[in-house]
Amino acid sequence: MPIGYYLMLAGVLFGIGLVGVLTRRNAIVIFMCVELMLNAVNLTLVSASRLWGAADGLVIAFFVIVVAAAEVVVGLALLVNIWRRRGTLDVDVPRLLRG
């Protein structure tokens, strides 16, 4: 399969994730959209790695997966805490971090 198909699929996935991050207000949905964008980047890295026959893209994709897993753990812990205190996951409601 040509690499253009992979890059086109990655672009569509990244676009869907970007639209979701910019338009949704629920924090869980925003996290899912961020993960979708990270997976699009991983698909691009793995496709480029396959095209050039180098393992650099695979290693960077592995690090992106590790960082994404850490982000999910910390982010979900924060969201559970916000849910328990405020009772909502709307990103506009918590104003704790505003100066």
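**Note on helix H2, its serines and its packing against H3**

1. Start with Gly57 in this predicted model. Gly57 has 11% relative accessibility, so it counts as buried; the cut-off for buried is under 20%. Gly57 sits in helix H3, which covers residues 56-86. Beyond its sequence neighbours up to four places away, Gly57 touches Leu45 and Ser49. Along the chain, Gly57 and Ala70 are 13 residues apart, and their C-alpha atoms are separated by 20 Å.

2. Ser49 is the partner to look at next. Ser49 belongs to helix H2, residues 27-52. Its relative accessibility is 7%, so Ser49 is buried too. Setting aside neighbours within four places in sequence, Ser49 contacts Ala54, Ala55, Gly57 and Leu58.

3. Ser47 is also in H2. Ser47 counts as buried because its relative accessibility is 6%. Its contacts lie elsewhere: not counting residues up to four places away in sequence, Ser47 touches Ile3 and Tyr6.

4. Now the wider helix. The buried residues of H2 are Ala27, Val29, Ile30, Cys33, Met37, Ala40, Asn42, Ser47, Ala48 and Ser49. These buried residues pack against helix H1 (3-23) and H3.

5. How do H2 and H3 run relative to each other? Their axes come within 9 Å and cross at roughly 175°. H2 is therefore roughly antiparallel to H3, as angles over 145 degrees count as roughly antiparallel.

6. Next, the contact between H2 and H3. From H2, the residues involved include Ala27, Phe31, Leu38, Leu45 and Ser49. From H3, they include Gly57, Leu58, Val64, Val72 and Leu79. By class, this contact has 16 nonpolar, four polar and two charged residues. Glu35 in H2 and Glu71 in H3 are among the residues that take part.

7. The length of H2 can be checked. H2 has 26 residues, and at 1.5 Å a residue these should span 38 Å. The end C-alpha atoms of H2 are 38 Å apart, so expectation and model agree.

8. Both ends of H2 deserve a look. At the N-terminal end, Asn26 acts as the cap. A side-chain oxygen of Asn26 lies 3.0 Å from the backbone nitrogen of Ile28. Just after H2 comes Gly53, with a positive phi of about 70°.

9. To pull this together: Ser47 and Ser49 are both among the buried residues of H2. Ser49 contacts Gly57, and both residues belong to the contact between H2 and H3. Ser47 touches Ile3 and Tyr6 instead.

Technical notes:
Residues numbered from 1 in each chain as written. Predicted model: local features only at pLDDT ≥ 70, side-chain atom pairs only at ≥ 80, totals over all residues. Heavy atoms only, no water. Helix = DSSP H or I, 4+ residues; strand = E, 2+ residues; numbered from the N terminus. Buried < 20%, exposed > 50% of the residue type's maximum accessible area, 1.4 Å probe, protein only. Contact = heavy atoms within 4.5 Å. Axes fitted to C-alpha atoms, helices over the stretch in contact; angles between N-to-C directions. Parallel < 35°, antiparallel > 145°, perpendicular 65-115°, else oblique. Nonpolar A, V, L, I, M, F, W, Y, C, P; charged D, E, K, R; others polar. Expected span 1.5 Å × (residues − 1). Polar contact = N/O pair within 3.5 Å; in protein donor to acceptor, adjacent residues only side chain to side chain.
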